[in-house]
Amino acid sequence: MNFTDCEIYVFQQKKTNMNIKNIYGALLILFFCIAKTNAQGVLTIEDATRIALENNFEIRIAKNNTKISETNVTIGNAGLLPTVAATVTDNNSVTNSSQTRQDGTTTSLDNAKNNSLTYGVGLNWTVFDGMKMFARLDQLKELQKLGDSELRRTVLIKIVQVNSAYYDLVQQQHQLAALDTTIVISKQRLALAQNRFSIGKASKLEVLNAQVDLNSDQVALLRQKETYANAKILLNQYLARDPKIDFTVTDLVTVDNAMNLAELSDLAHKQNPAVEAQIINKRIAELQLKQIKADRYPVVNLTSGYNFSENQSSLGFTSESSSKGFNYGFNARLNIFDGLNQHRNEKVAKLEIENSQIAIDQQNLILDTQLNTAFQTYLTNLELIGLEEDNVTIAKQNLDITLDKFRIGTITTLDFRTAQLNYVNAKVRYSNAQYQAKLSEIALRELAGNINF
């Protein structure tokens, strides 16, 4: 028995004019169920958000990608630092050699061994390349910003999923309560029909109809429990934890009814991740053009090193020689003609910048369209909450009157069933209106990029 069942049990006992002993027993059962529910654990939306931020796989991958982008932002990766390399070369040979001197004498040696060993340290440093290295460093910083924006977008999407799944569970929980209530009423109806039949005031058909309707309600409840259980599994998936973990959610759905379209639009154009990413992409394209234009300038490299070499020969005037010392210099290279590729590359880069600006304009238009559409849906859903809340009150009053009339036999079972279904459907529609309004609020906050997490 869950918490909703306990409330229904107490309600049922009140309807049957129970005595003090029954009231005491009902309160004990209610207390037991409340304790059981609390022991099961209530998952709040704040807890769900925290768990998702810690565990969700997509968020963890996005965080690592952001760290990669951050790690790549170094002056060495941009080419501003020199490179230093140590080298060693050892060549050996065994040959049959013959030498004839100017005076006509000949010297020969079989299996002559020769050895050449060279090792040292060399430095190469590009000191000027048309400022390409500085543009490259700025581009790496923009790529880091793009990674941060992608992380925010991923977090935003996952938190929206968690919020939607959470409040869907709340709605499913409300529907379970509504179906629990209708089963209680259907059981009362069946009991009344059986009593009327036993005293000859009703036909067997009335009892059978009541039993059929009760069975239908129990089937609907079973289906709803299945839907509720599957919704829990889905939320556990978003939280990246064991699907079998059981929990309950709060019954309260609080919708912010004071959202302002102008404020949302201002926030969206400042911090919406999709717009932000397009702006960064344009900046990256501009820096790419800078790097391409740098190829019009000469590239100057400084070189230096310290080397040691040793040579050994079994035949010749010198049997062994060695040298060591410091060397330095520079080299420069200027592209004079490359088949007009420089001009082509610059033209393509400018077109990429133009495309980036078009993408920004397109994204802004899409954002404005989505905001206005979502806001209109939000306003409609707020109105529906009020209407459906009134419908629940009216349907409840109608059901109470119908139930009293049914007890004294002044209305038909069909009228009673209609009033019963109207009440249940009104509660379901009210819960759904709250859920849809909350989804509209979440959608607006997602577009504005300001969901609290």
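Here is a walk through this predicted model, from the whole chain down to a few residues and back out to the surface.

Let's start with the overall layout. The protein chain has eleven helices and six strands. Of its 453 residues, 36% are buried. The contacts reach a long way along the sequence: if you take those between residues at least 6 apart, 80% join residues at least 24 apart. As for the outside, the chain exposes about 26400 Å², and carbon and sulfur atoms supply 56% of that.

Now zoom in on helix α3, which runs over residues 45-55. Its buried residues are Ile-45, Ala-48, Thr-49, Ile-51 and Ala-52. These residues span an arc of only 165° around the axis, so they sit on the same side of α3. And what do the buried residues of α3 pack against? Their partners are β1 (42-43), α4 (57-71), α6 (132-198) and α7 (204-238).

Another spot worth a look is Gln-420, in helix α11 (residues 413-448). Is Gln-420 buried or exposed? It counts as buried, because its relative accessibility is 0%, and the cut-off for buried is under 20%. Setting aside neighbours within four places in sequence, Gln-420 touches Thr-182, Ile-185, Ser-186, Asp-217 and Leu-399.

On to the charged pairs. Side chains of opposite charge can pair when their charged atoms come close. The structure holds 23 salt bridges. One of them joins the side chains of Glu-206 and Arg-196, at 3.1 Å from N to O. That pair links distant parts of the chain, with Glu-206 in helix α7 and Arg-196 in helix α6, ten residues apart. Both ends are tucked away: Glu-206 counts as buried at 12% relative accessibility, and Arg-196 is buried too, with a relative accessible area of 15%.

Compare that with the salt bridge between Lys-244 and Asp-242, where the closest N and O atoms are 3.4 Å apart. Here Lys-244 counts as exposed, at 71% relative accessibility, while Asp-242 is partly exposed, with a relative accessible area of 36%.

Then there is Asp-256, which forms a salt bridge with Arg-445, the closest N and O atoms being 2.9 Å apart. This pair also links distant parts of the chain: Asp-256 lies in the loop between β4 (248-249) and α8 (261-271), whereas Arg-445 belongs to helix α11, 189 residues apart. Asp-256 counts as partly exposed at 28% relative accessibility, and Arg-445 is partly exposed as well, with a relative accessible area of 21%. Elsewhere, salt bridges that share partners join Arg-189, Asp-213, Asp-217 and Arg-417 into one network. You have met Asp-217 already, as one of the contacts of Gln-420.

Finally, back to the surface, where a nonpolar patch is formed by Val-84, Val-121, Leu-123, Trp-125, Val-127, Phe-128, Met-131, Phe-134, Tyr-297, Leu-302 and Phe-330. Together these residues have about 1000 Å² of accessible area. Which strand gives the largest share of the nonpolar patch? That is β3 (residues 106-128), with five residues. Phe-330, for its part, has its place in strand β6 (residues 320-333). Phe-330 counts as exposed because its relative accessibility is 61%, and exposed means over 50%.

Technical notes. Residues numbered from 1 in each chain as written. Predicted model: local features only at pLDDT ≥ 70, side-chain atom pairs only at ≥ 80, totals over all residues. Heavy atoms only, no water. Helix = DSSP H or I, 4+ residues; strand = E, 2+ residues; numbered from the N terminus. Buried < 20%, exposed > 50% of the residue type's maximum accessible area, 1.4 Å probe, protein only. Contact = heavy atoms within 4.5 Å. Arc of directions from axis to C-beta. Salt bridge = Lys/Arg side-chain N within 4 Å of Asp/Glu carboxyl O. Patch = residues over 30% accessible without salt bridge, like charges linked within 9 Å, V, L, I, M, F, W, Y side chains within 5 Å. Areas by Shrake-Rupley, 256 points an atom, 1.4 Å probe, with all protein chains shown as cover.
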